[in-house]
Amino acid sequence: MRYIIAIFLWVLTLNASNLEITADNFYHKDGERKAEFQGHVVAKEGNNLIKSDKIIIYLDKNNEAYKYEAIGKVYFEIKSSKKDVTGSCNKLIYLPEQEIYTLTGNVAMHDNLNKRDVYGDEVILDNKKKTSIAKSNGKKPVKFLFKVKGK
């Protein structure tokens, strides 16, 4: 089993950036274009980190990851030269080619560079367009906390 996991992880790392995943359990069925990792899952790609109960990696025909889906208690760190956000949510979807993160369910996101926090039901971070969108499900409003200059 370790040999199969090692081969699978090697295929995932053929991209320009490496994706490293550790988990208690791994599942992949031949012919399916996805791999599931469950139990104490930690995924690292460059400076980015995702921890969750479960992560599903979707693969294209070249066995390259085109979508990550983290489910359960999700913790994330998204870092680059111009971005440093950390937080938690119930579900995270990442599209690496588009550089879009969609965070849903009890989102608590902390912008460590700009010293502000965002809370809501859904937050979409588009790194290519350099935009952020926060949404509410109507039960609770989106909440922002900013530092105020002065007293």
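1. A salt bridge, as the term is used in this note, is a side-chain nitrogen of Lys or Arg within 4 Å of a carboxyl oxygen of Asp or Glu. The side chains of Lys 34 and Glu 36 meet this description, with a distance of 3.6 Å from N to O. The model in which this pair is found is a predicted one, and the points below should be read with that in mind.

2. For a reader new to the chain, the overall make-up may help as a starting point. The chain holds one helix and 10 strands, and their order from the N terminus on is α-β-β-β-β-β-β-β-β-β-β. Of its 151 residues, 35% count as buried.

3. To return to the charged side chains, a search of the whole structure finds six salt bridges, among them the one between Lys 34 and Glu 36. Glu 36 also forms a salt bridge with Lys 54, again given as 3.6 Å from N to O. Because Lys 54 lies in strand E4 (residues 48-59) and Glu 36 in strand E3 (residues 34-45), this second pair ties together parts of the chain that are 18 residues apart in sequence. As for accessibility, Glu 36 is buried, with a relative accessible area of 16%, whereas Lys 34 counts as partly exposed at 28% and Lys 54 is partly exposed at 22%.

4. A further salt bridge is formed by Asp 111 with Arg 116, where the closest N and O atoms are 3.5 Å apart. Asp 111 is buried, with a relative accessible area of 13%, while Arg 116 counts as partly exposed at 33% relative accessibility. Which residues are joined into one network by salt bridges that share partners? They are Lys 34, Glu 36 and Lys 54.

5. The aromatic residues deserve a separate look, since a search of the whole structure finds four aromatic pairs. One of them is formed by Tyr 68 and Tyr 94, an edge-to-face pair with 5.3 Å from centre to centre and 70° between the planes. This pair links distant parts of the chain, with Tyr 68 in strand E5 (residues 65-79) and Tyr 94 in strand E6 (residues 84-95), 26 residues apart. Tyr 94 also pairs with Tyr 101, and here the arrangement is stacked, with 4.1 Å from centre to centre and 20° between the planes.

6. Are these tyrosines buried or exposed? Tyr 94 and Tyr 101 are both buried, and the relative accessible area of Tyr 94 is 9%. Tyr 68 counts as buried because its relative accessibility is 7%, and buried means under 20%. Taken together, Tyr 68, Tyr 94 and Tyr 101 form one aromatic cluster.

7. Two lysines are placed over the faces of tyrosine rings, and these contacts can be looked up one by one in the model. Lys 67 lies over the face of Tyr 58, at 5.0 Å from the ring centre. Lys 143 lies over the face of Tyr 119, in this case at 5.9 Å from the ring centre.

8. Strand E1 (residues 19-22) shows an alternation of its side chains. Leu 19 and Ile 21 point to one face and are buried, while Glu 20 and Thr 22 point to the other face and are not buried. E1 pairs with E3 in the antiparallel sense, over four bridges, and the bridge partner of Leu 19 in E3 is Glu 45. E3 is also the strand in which Glu 36 lies.

9. The largest pocket has a volume of about 610 Å³. Its lining is made up of 30 residues, of which Lys 82, Lys 83, Leu 125, Asn 127 and Ser 132 lie nearest the centre of the pocket. The elements that give two or more residues to this lining are E5, E6, strand E7 (100-111), strand E8 (116-126) and strand E9 (131-135). Which element gives the largest share of the lining? That share, five residues, comes from E8.

10. Some of these elements have been met above: E5 and E6, which are among the contributors to the pocket lining, are the strands that hold Tyr 68 and Tyr 94 respectively. A reader turning to the structure could begin with the cluster of Tyr 68, Tyr 94 and Tyr 101, and then move to the network of Lys 34, Glu 36 and Lys 54.

Key:
Residues numbered from 1 in each chain as written. Predicted model: local features only at pLDDT ≥ 70, side-chain atom pairs only at ≥ 80, totals over all residues. Heavy atoms only, no water. Phe/Tyr/Trp six-rings, centres within 6.5 Å; stacked < 30°, edge-to-face > 60°. Buried < 20%, exposed > 50% of the residue type's maximum accessible area, 1.4 Å probe, protein only. Lys NZ or Arg CZ within 6 Å of the ring centre and 35° of its normal. Pairing = 2+ DSSP bridges. 1 Å grid on protein atoms, 1.4 Å probe; cavity = no way out; pocket = protein on both sides within 12 Å on 5 of 7 lines; lining within 4 Å. Points joined across faces, edges and corners; volume = space filled by probe spheres on them.
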